[in-house]
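Let's take a look at this protein together, starting on the inside and working outwards. Keep the structure open while you read.

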Amino acid sequence: MKYDFTKKMTIGAARTLSSLQQAMLMLLSAKSFEEIAVGELCEQAMLPRATFYNYFDDKYDLLEYCLRTARKQLDSGCADACTCRMRMDTFLENCFDFLDRNLDTVEKILKNNIPDQYLINQIRYYLLSNMEQAFQAGICSHRFKIPDEMAAKLYSDAVLIILEWKYLEKKECTKEQAKEYVHQMVSGIDVQ
């Protein structure tokens, strides 16, 4: 990314980034990520192309920024968890809250972006990296009968299965039920 997010953001930069992020979400709600062009993003955001390129290298860079913004909401409280189970529970609750708040937009985006495309693969990668961070931080080490990498994948896949079941297949499921289902899915690997 061209923009330095470590420095204090100006009001103008915040507006520009918000406009571009909203443009990306609007276009993702109408078409696949692969079909979106930088020109369309600029037109939707009502910004000149030069402004886009002051902040981002390409549309992939903007998508990464959008995902990073969503990750901040999803990661809230996860780093404070004392166990993998607590981290998974916090993350799952954050996912439910995020998806419930943004359900209409998320459904449109998923409708236009099939599972083997770039956007969906980025979401899968994020879920896995979230659990891998827990294992790297040492809060889950030496608790499993299988290698840590495998346990992290199982945890992230279990969360993904529940989210797909509730939000894509439209099954009734509360946060508490979801946590219990995930606990049951991973119970065989936890030596507690």
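Which residues have the most contacts inside the largest nonpolar core? In this predicted model, they are F91, L92, F96, M131, V159 and L163, and the core has 30 residues. Several helices chip in: α4 (59-75), α5 (84-101), α7 (118-136), α8 and α9 (175-186) each give two or more residues to this core. The largest share comes from α8, with nine residues. If you're wondering about the general idea, nonpolar side chains in soluble globular proteins tend to be buried together.

Now zoom in on one of those well-connected residues, M131. Skipping residues up to four places away in sequence, M131 touches C84, A152, Y155 and S156.

That isn't the end of the story for cores, though. There's a second, separate one with 25 residues, and L20, F52, Y55 and I109 are among them.

Next up is D75, which sits in helix α4. Is D75 buried, partly exposed or exposed? Its relative accessibility is 27%, so D75 counts as partly exposed; the buried label would need a value under 20%. Setting aside neighbours within four places in sequence, D75 is in contact with F91, N94, Y126 and N130. Remember F91 from the list of core residues with the most contacts? With Y126 there's something extra: the side chains of D75 and Y126 make a polar contact at 2.3 Å.

Another spot to visit is N112, in helix α6 (residues 103-112). What does N112 touch, once you leave aside neighbours within four places in sequence? The answer is L28, S29, A30, K31, S32 and Q117.

You can also compare how far apart two residues are along the chain and in space. Here are two pairs to find, with the spatial values taken from C-alpha to C-alpha:

| Pair | Apart in sequence | Apart in space |
|---|---|---|
| N112 and R85 | 27 residues | 33 Å |
| D75 and E169 | 94 residues | 25 Å |

Finally, let's head to the surface. Which residues make a nonpolar patch there? I161, Y181 and M185 do, and the patch covers about 240 Å². I161 is found in helix α8, which runs over residues 148-168. With 44% relative accessibility, I161 counts as partly exposed, because that label covers values between the 20% limit for buried and the 50% limit for exposed. So helix α8 gives nine residues to the largest core and also holds I161, one of the residues of the surface patch.

Notes. Residues are numbered from 1 along each chain as its sequence is written. This is a predicted model: local features need pLDDT of at least 70, side-chain atom pairs count only at pLDDT 80 or more; totals for chains, interfaces and linings use all residues. Side-chain values use heavy atoms; hydrogens and water are left out. Patches are made of residues with over 30% relative accessible area and no salt bridge: like charges are joined within 9 Å, nonpolar side chains (Val, Leu, Ile, Met, Phe, Trp, Tyr) within 5 Å. Accessible areas come from the Shrake-Rupley method with a 1.4 Å probe; for residues, only the protein chains shown count as cover. A salt bridge is a side-chain nitrogen of Lys or Arg within 4 Å of a carboxyl oxygen of Asp or Glu. Helices (H or I, at least four residues) and strands (E, at least two) are DSSP runs, numbered from the N terminus. Buried means under 20% relative accessible area, exposed over 50%, partly exposed in between (1.4 Å probe, protein chains only). Contact means heavy atoms within 4.5 Å. A nonpolar core is a set of buried Ala, Val, Leu, Ile, Met, Phe, Trp, Tyr and Cys residues joined through side-chain atoms within 4.5 Å. A polar contact is a pair of N or O atoms within 3.5 Å; within protein, one must be able to donate a hydrogen and the other to accept it, and residues adjacent in sequence count only if both atoms are side-chain atoms.
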